[in-house]
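Work through the exercises below with the model open. Try each task before reading its solution.

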Amino acid sequence: MSGIPHSLFISDLHLCESRPQISRLFFDFLRTHARNAEALYILGDLFESWVGDDDETSLSRSVVEALRSLSDSGVAVYLMHGNRDFLLARPFADASGARLLADPTMMDIYGQPTLLMHGDTLCTDDAAYLAFRAQVRDPAWQSGFLAQPLAKRHAMAQQARNQSEQAKQGKTAAIMDVNQQAVIEILREYAYPRLIHGHTHRPARHLLQIDGHACERWVLQDWYDSGGYLRCDAEGCSTHSLTCPEPDPR
């Protein structure tokens, strides 16, 4: 680690075999920018989908190895579930050297109380999604799902993604964004901290006045076509963009 102590925040990478350029960008980020940080926080949807820690692929093994290398170098790695990879569990975390975070989690980030979330629970106007979320986060549902053969789990996950994409066609952008009152209520509940989250794929810095308190909400960018991260230190936070490296010609 070098320079001013700082931590990095990312989310919504949606890593998958069909987008190898984003995987390369992520691995390059871990080898460079992340190595200079004190901590890396991954706030959900590291993977496009996750059907269980027993589903080892070349991509998942590469991600584990890259995160383990980062954590072994002295950088603390924190991992939060998203709406796509909520089945990530202790075996993956232990292998990668990451600490699983509850959603939400309060952290002291260089003296600034900071609330970390994936962000999907703030989208309270999307009642259908929240009902689905409650179902798949139920321990009994997860136990039954993980008891199925891998092939069936993959088929069920693909069906869920197809249904989700179809459902989005009938939803307005406002429904799929955070509800402002939900944001106010959670910031009030946690005594007006800074809030960092992903999920909505609408990166921005929002300033709010709540009960006379100035609050800051940072929305992390997704990694679909490029990448980026939020850097926070004792002076505050700033956004940084990443571009995909050129393919290896070999």
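**Exercise 1. Overall fold**

Task: Count the secondary structure elements of the protein chain, then decide how its compactness compares with the globule rule.

Solution. The model is predicted. Start with the elements: the protein chain has eight helices and 11 strands. Next, take the radius of gyration, which is 18 Å. The globule rule for 250 residues also gives 18 Å, so the chain is as compact as a globular protein of that length. Finally, look at the extents. The C-alpha trace spans about 55 × 45 × 30 Å along its principal axes.

**Exercise 2. Burial, contacts and surface**

Task: Find what share of the residues is buried, and what share of the contacts links residues 24 or more positions apart.

Solution. Step one is burial. The cut-off is under 20% relative accessible area. By that test, 46% of the 250 residues are buried. Step two is contact order along the chain. Take contacts with a separation of 6 or more; 68% of them join residues 24 or more positions apart. Step three is the surface. The accessible area of the protein chain is about 12,000 Å². Carbon and sulfur atoms hold 51% of that area.

**Exercise 3. Charges**

Task: Count the positive and negative side chains, and state how far apart the centres of the two sets lie.

Solution. Count each sign separately. There are 23 positive side chains and 32 negative ones. Then compare the centres of the two sets: they lie 2 Å apart.

**Exercise 4. The annotated span**

Task: Locate the domain listed by UniProt and describe its content.

Solution. An unreviewed UniProt entry lists "domain: Calcineurin-like phosphoesterase" for residues 8–203. Now assign the structure: the span is 44% helix and 16% strand. Then check its ends. The end C-alpha atoms of residues 8–203 are 15 Å apart.

**Exercise 5. Two serines in helices**

Task: Place Ser-23 and Ser-96, decide whether each is buried or exposed, and list their contacts beyond four places in sequence.

Solution. Take Ser-23 first. It sits in helix 1, residues 20–31. Its relative accessible area is 6%. The buried class runs under 20%, so Ser-23 is buried. Its contacts beyond four places in sequence are Leu-15, Cys-16 and Leu-59. Leu-59 is 36 residues away along the chain, with a C-alpha separation of 8.2 Å.

Now Ser-96. This residue belongs to helix 3, residues 90–96. Its relative accessibility is 0%, so Ser-96 counts as buried. Beyond four places in sequence, Ser-96 touches Val-64, Leu-67, Arg-68 and Ser-71.

**Exercise 6. Backbone checks**

Task: Which residues does the cis peptide bond join, and where do Tyr-110 and His-201 lie?

Solution. Begin with omega. The bond between Asp-103 and Pro-104 is cis, with omega of about 5 degrees. Pro-104 is in the loop between strand 4 (98–101) and strand 5 (105–109).

Turn to phi. Tyr-110 is not a glycine, yet its phi is positive, about 55 degrees. Tyr-110 lies in the loop between strand 5 and strand 6 (112–116). At 25% relative accessible area, Tyr-110 is partly exposed.

Repeat for His-201. Its phi is about 60 degrees, again positive for a residue that is not a glycine. The loop that holds His-201 runs between strand 7 (194–197) and strand 8 (204–210). With 27% relative accessibility, His-201 is partly exposed.

Notes: Residues numbered from 1 in each chain as written. Predicted model: local features only at pLDDT ≥ 70, side-chain atom pairs only at ≥ 80, totals over all residues. Heavy atoms only, no water. Helix = DSSP H or I, 4+ residues; strand = E, 2+ residues; numbered from the N terminus. Rg over C-alpha atoms; globule rule 2.2 N^0.38 Å. Buried < 20%, exposed > 50% of the residue type's maximum accessible area, 1.4 Å probe, protein only. Contact = heavy atoms within 4.5 Å. Areas by Shrake-Rupley, 256 points an atom, 1.4 Å probe, with all protein chains shown as cover. Lys, Arg positive; Asp, Glu negative; His and termini not counted. Charge placed at Lys NZ, Arg CZ, Asp CG, Glu CD. UniProt positions renumbered as here; feature names shortened; annotations may be inferred.
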